[in-house]
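Take a first look at the fold below. Then follow the text from one element to the next.

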Amino acid sequence: MLDKNLLKKNFDKIYKKLESRGFILNIEYIKNINKKIKLIRLEKENLECKKNKISKLIGNLKFCKKNHSNLKKKVIKYNKILEKKKFFLKNLEKEYFEYCYNIPNIPDSKTPIGKSHEDNLEIYKWGKIKKYNFNIKSHVDLGHKKKCLDFFNASKISGSNFFVLKNKLSLLYRSLIQFMLDVHVEKHGYEEVYVPYLIYKKCLYGTGQLPKFHKDLISTKFDRNKNTNFLEENKLFLIPTSEVPLTNLLMNNVIKEKDLPLYFTTSSPCFRNEPTSYGLNNQGLIRTKQFDKVEIMQIVHPKNSNSCLELITTHAEKILKLLNLPYRKVSICTYDISFSSAKSYDLEVWFPSQKKYIEISSCSNMTDFQARRINIKFLDKNKKKRYVHTLNGSGLAIGRTVAAIMENYQCSSGKIKIPNVLKKNYMRGLEFI
C-alpha cells in the first residue's frame with residue numbers, strides 16, 4: 001500500500017509514475033474523499049468538545065443539586081449526531097482504504113518505462129549456448145520417450161495442467177529442491193523455514209495478490225461444521241507462492257535495526273488457477289496449476305533495498321551458474337512489473353527446443369509497499385518506528401529447472417546427462433537419465 005500522505009501531497013508525480021505502468025490515479029476522487037473525511041472529523045471533534053463541556057456542566061449542577069434535564073437532552077441529541085458522524089466517517093475511511101488497496105506500487109526511477117513485455121530491457125547474457133549435431137527434442141518429448149513424465153494419468157486425477165514424474169526424473173526434481181536450499185543456506189546465509197501451504201485471505205491482501213489476482217487463486221470451501229454458515233474471513237487459500245507466508249510471518253512486528261537484514265528461504269508447492277492454454281510457451285512443465293519453487297526473501301533497511309535487489313538476484317543466478325544453464329538477466333518494464341513491485345529482474349533460461357529464453361526466476365524490490373499492508377516496522381537509532389523494505393525472488397522454480405536441464409543436457413542417444421554439481425551428493429552418482 002502506498003503512503004497516504006504521499007498520495008495527498010504529490011499528485012502529479014505519482015500520477016505520472018502510475019500512468020507509466022497502466023494505472024490511472026483518480027486524483028479528483030482522492031481530493032474529494034479526503035476533503036469529506038477531514039470535514040467530518042472536524043465536525044465530530046467540535047461536537048465531542050461541546051458534549052464534554054455540557055457533561056462537565058451537568059456534573060457541577062448535579063453537585064449543587066440543580067435541575068439539568070435540558071442539558072441532559074442536549075447530550076443525548078449530540079450522542080445521536082455523533083453516532084451518525086462516526087458511522088459515516090467509518091464508511092468513508094473504509095471506501096478510501098479499499099481504493100488505496102487497489103493502487104499498485106510506484107515504479108522505481110530506474111525501472112524501464114514500457115507499454116508491453118517487448119520493452120523489457122536485457123542487461124546481459126551468461127553461459128554458452130550449445131550447438132547440437134542432432135534433432136533437438138523438447139522436454140515433453142524426452143519425458144514421454146523415457147516414460148518418466150506423465151500428463152495423461154495426472155489429468156485423470158486432477159484435470160489439465162498437472163503432471164506426474166517417475167523414477168530418475170522424480171529423483172532429479174527432489175534433488176534440485178535440496179540442492180537449491182543447501183546453496184541458499186550454506187553459501188548465501190538464508191535461514192530455512194517451513195511454512196503452511198494454506199493461508200488466510202488477509203495474508204494475500206498483505207502481499208498484494210488480492211484484490212487484483214483473485215481469479216488466479218484457489219480457495220477451500222469445506223466447512224467442518226455444517227450447522228453454521230462458513231465464515232468468509234476464515235476461508236483458507238492455497239498459497240500461490242511461498243512469498244506470501246514468508247512475508248506474513250512478520251505481520252505486526254517491530255524489528256530492531258541491528259537485526260536487519262533478515263534472510264529467509266523455503267521450498268513449497270505453489271498453486272495457481274492457470275487457464276487451460278496451448279502453445280510452446282505453456283507446454284509441459286512450463287505452466288502448471290501445481291509446481292514447486294524455492295523462495296528467497298529479504299527484510300532490509302530502506303536505504304539498502306536497491307543494492308539488496310542486485311544481491312538477491314545474484315543469489316538466484318548462482319543456481320543457474322552452478323547448473324551451467326545459459327540464461328539472461330532482464331530488467332522488467334513498468335508495464336510488466338508485478339502489482340507490488342517497484343523494480344524487478346527476470347532471469348530467463350535458454351530452451352533449445354524453442355530457441356528462446358523463458359523466465360525461471362523473478363526477483364523484486366517491493367520497497368515499503370508490503371510492509372505498510374502487513375505492518376512490519378523497525379525501530380531506528382532515534383527510537384522512531386519506520387517501515388522495512390521487503391524483497392523476494394525465485395531461487396528457482398523447480399519444474400522449469402528440470403525442463404531446462406532435460407533440454408540443455410540431452411544427448412544424441414536420447415539420454416539426459418546429469419549436471420556435475422548434482423551427481424555425487426544429490427543424484428546417487430548417476431551419470432544419465
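The paragraphs below go from the sheet to its helices, and then to one residue and a last helix.

This is a predicted model. Start with the sheet. It is open, and it has eight strands. Their order is β1-β11-β12-β13-β16-β10-β9-β4, and the pairing is mixed. Which strands stand at the edges? They are β1 (121–126) and β4 (191–192). Each has a single partner strand, so one side of each is left without a neighbour in the sheet.

Look at the β1 edge. Strand β11 covers residues 327–331. β1 and β11 run antiparallel, joined by five bridges. Lys125 stands opposite Arg328 in β11.

Now add the helices. Helix α7 packs on the sheet. It touches β4, β9 (262–271), β10 (290–300) and β16. The direction of α7 makes about 5° with that of β10. Helix α10 lies across β1, β9, β10, β11, β12 (343–351), β13 (356–365) and β16. α10 runs at about 10° to β16.

The two helices also meet each other. α7 spans residues 167–187, and α10 spans residues 305–322. Their axes come within 10 Å. At what angle do the axes cross? The angle is roughly 130°. Angles from 65 to 115 degrees count as roughly perpendicular, and those over 145 as roughly antiparallel. α7 and α10 are therefore oblique to each other. The crossing of α7 past α10 is right-handed.

Which residues make this contact? From α7 come Phe179, Met180, Val183 and His184. From α10 come His315, Lys318, Ile319 and Leu322. Five of the residues in the contact are nonpolar, two are polar and one is charged. The spacing along a helix has a general background. An α-helix has 3.6 residues a turn, so residues three or four places apart point the same way.

Go back to the sheet and pick one residue. Ser394 lies in strand β16, which covers residues 389–397. Is Ser394 buried or exposed? Its relative accessibility is 9%. Buried means under 20%, so Ser394 counts as buried. Beyond its neighbours in sequence, Ser394 touches Lys293, Val294, Glu295, Ala316, Ile360, Ser361 and Ser362. Take Ser361 among them. Ser394 and Ser361 are 33 residues apart in sequence. In space, they are 4.8 Å apart, C-alpha to C-alpha.

End with helix α12, residues 398–408. How many of its residues are buried? The count is eleven of eleven, and the helix is mostly covered. Among the buried residues are Arg400 and Glu407, along with Ile398, Val402 and Ile405.

Methods: Residues are numbered from 1 along each chain as its sequence is written. This is a predicted model: local features need pLDDT of at least 70, side-chain atom pairs count only at pLDDT 80 or more; totals for chains, interfaces and linings use all residues. Side-chain values use heavy atoms; hydrogens and water are left out. Helices (H or I, at least four residues) and strands (E, at least two) are DSSP runs, numbered from the N terminus. Buried means under 20% relative accessible area, exposed over 50%, partly exposed in between (1.4 Å probe, protein chains only). Contact means heavy atoms within 4.5 Å. Axes are lines fitted to C-alpha atoms, for helices over the stretch in contact, and angles run from 0 to 180 degrees between N-to-C directions. Angles under 35 degrees count as roughly parallel, over 145 as roughly antiparallel, 65 to 115 as roughly perpendicular and the rest as oblique. A crossing is left-handed if the near helix is turned anticlockwise from the far one by less than a right angle, and right-handed if clockwise. Ala, Val, Leu, Ile, Met, Phe, Trp, Tyr, Cys and Pro count as nonpolar, Asp, Glu, Lys and Arg as charged, and the others, Gly among them, as polar. Two strands pair if DSSP finds at least two bridges between them.
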